[in-house]
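The following account leads the reader through one structure. Please keep the sequence and the coordinates at hand while reading.

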Amino acid sequence: MIVIVIVGVLSAVALPNFLGQSVKAKATECNSKAGAIMGLVAAEHFSSSADATALLASEIATNNTNSKYCTFADAGLTAPKYGLDVTGKTGSEIADKYDANACVDANTGKRDLTYKTVTSGTPTAKVANCS
C-alpha cells in the first residue's frame, strides 16, 4: 500500500515536468526552421532586397504548409532587417504553448531568436533584437 502511494506521488510530480519537456522538444522544430529561414533571407539580401523579401514570403508559405507544429508570419521589419513571428500551430500539441520572435540584420549579420514555452497560460516571447 505504501509503495502505491509513493508511486502515485512521484507520478504527480513527474508528469507536469515531462509534459513541459515535451513542449520544449517540439518547439525546437520551430526554432530550427526560423533560424534557417533567417539565414536564407540574409544571404539573399546581398543579391537583392526585393528578392530577399519575396524569399521570406515564400519560405513562410512553404513552412506553414510543411510544419506540423509551427505557424510563421512576417514580423513586418524593413530591409535590411527581416523578422518572423512564430507560434504553435492551431490544433498541434504546442498550440497556445509556444511563442517566438526571430530577426536578422542582413548588413551586419546579427541574428536573434527569442522564445517562450509554457504548459499553461499564454506564452509571450521577448522581442528579438537585431540592432
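The paragraphs below treat the nonpolar core, the strands and an aromatic pair.

The model is a predicted one. In soluble globular proteins, nonpolar side chains tend to be buried together. Here the largest nonpolar core has 23 residues, and those touching the most other members are Met38, Leu56, Phe72, Tyr82, Leu84 and Val86. At least two residues of this core come from each of helix H1 (2-45), helix H2 (49-66), strand E1 (70-74), strand E2 (81-88) and strand E3 (98-105). The largest share is that of H1, which supplies eight residues.

Met38 offers a way into this core. Leaving aside residues up to four places away in sequence, Met38 touches Leu56, Tyr82, Gly83, Leu84, Ala102, Cys103 and Val104.

Attention now turns to strand E3. Which residues of E3 are buried on its two faces? On one side these are Tyr98, Ala100, Ala102 and Val104, and on the other Asp99, Asn101, Cys103 and Asp105, so that both faces are covered under the criterion of less than 20% relative accessible area. In total, eight of the eight residues of E3 are buried.

E3 is paired with two strands, E2 and E4, as described next. E2 and E3 run antiparallel and are joined by seven bridges; Lys81 has Asp105 in E3 as its bridge partner. The pairing of E3 with E4 is likewise antiparallel, over seven bridges. In this second pairing, Ala100 stands opposite Tyr115 of E4. The hairpin of E3 and E4 has five residues between the strands, and Gly109 in this hairpin takes a positive phi near 80°.

The same two strands contain the aromatic pair. A search of the whole structure finds one such pair, formed by Tyr98 and Tyr115. A pair of aromatic rings is described by the distance of the centres and the angle of the planes. For Tyr98 and Tyr115 these are 6.4 Å centre to centre and 35° between the planes. The pair counts as tilted because planes under 30 degrees apart would be stacked and those over 60 edge-to-face. Since Tyr98 lies in strand E3 and Tyr115 in strand E4 (residues 111-117), the pair ties together parts that are 17 residues apart in sequence.

Are the two rings' residues buried or exposed? Tyr98 is buried, with a relative accessible area of 2%, whereas Tyr115 is partly exposed, at 44%.

How values were computed. Residues numbered from 1 in each chain as written. Predicted model: local features only at pLDDT ≥ 70, side-chain atom pairs only at ≥ 80, totals over all residues. Heavy atoms only, no water. Core = buried A, V, L, I, M, F, W, Y, C linked by side-chain atoms within 4.5 Å. Buried < 20%, exposed > 50% of the residue type's maximum accessible area, 1.4 Å probe, protein only. Helix = DSSP H or I, 4+ residues; strand = E, 2+ residues; numbered from the N terminus. Contact = heavy atoms within 4.5 Å. Phe/Tyr/Trp six-rings, centres within 6.5 Å; stacked < 30°, edge-to-face > 60°. Pairing = 2+ DSSP bridges.
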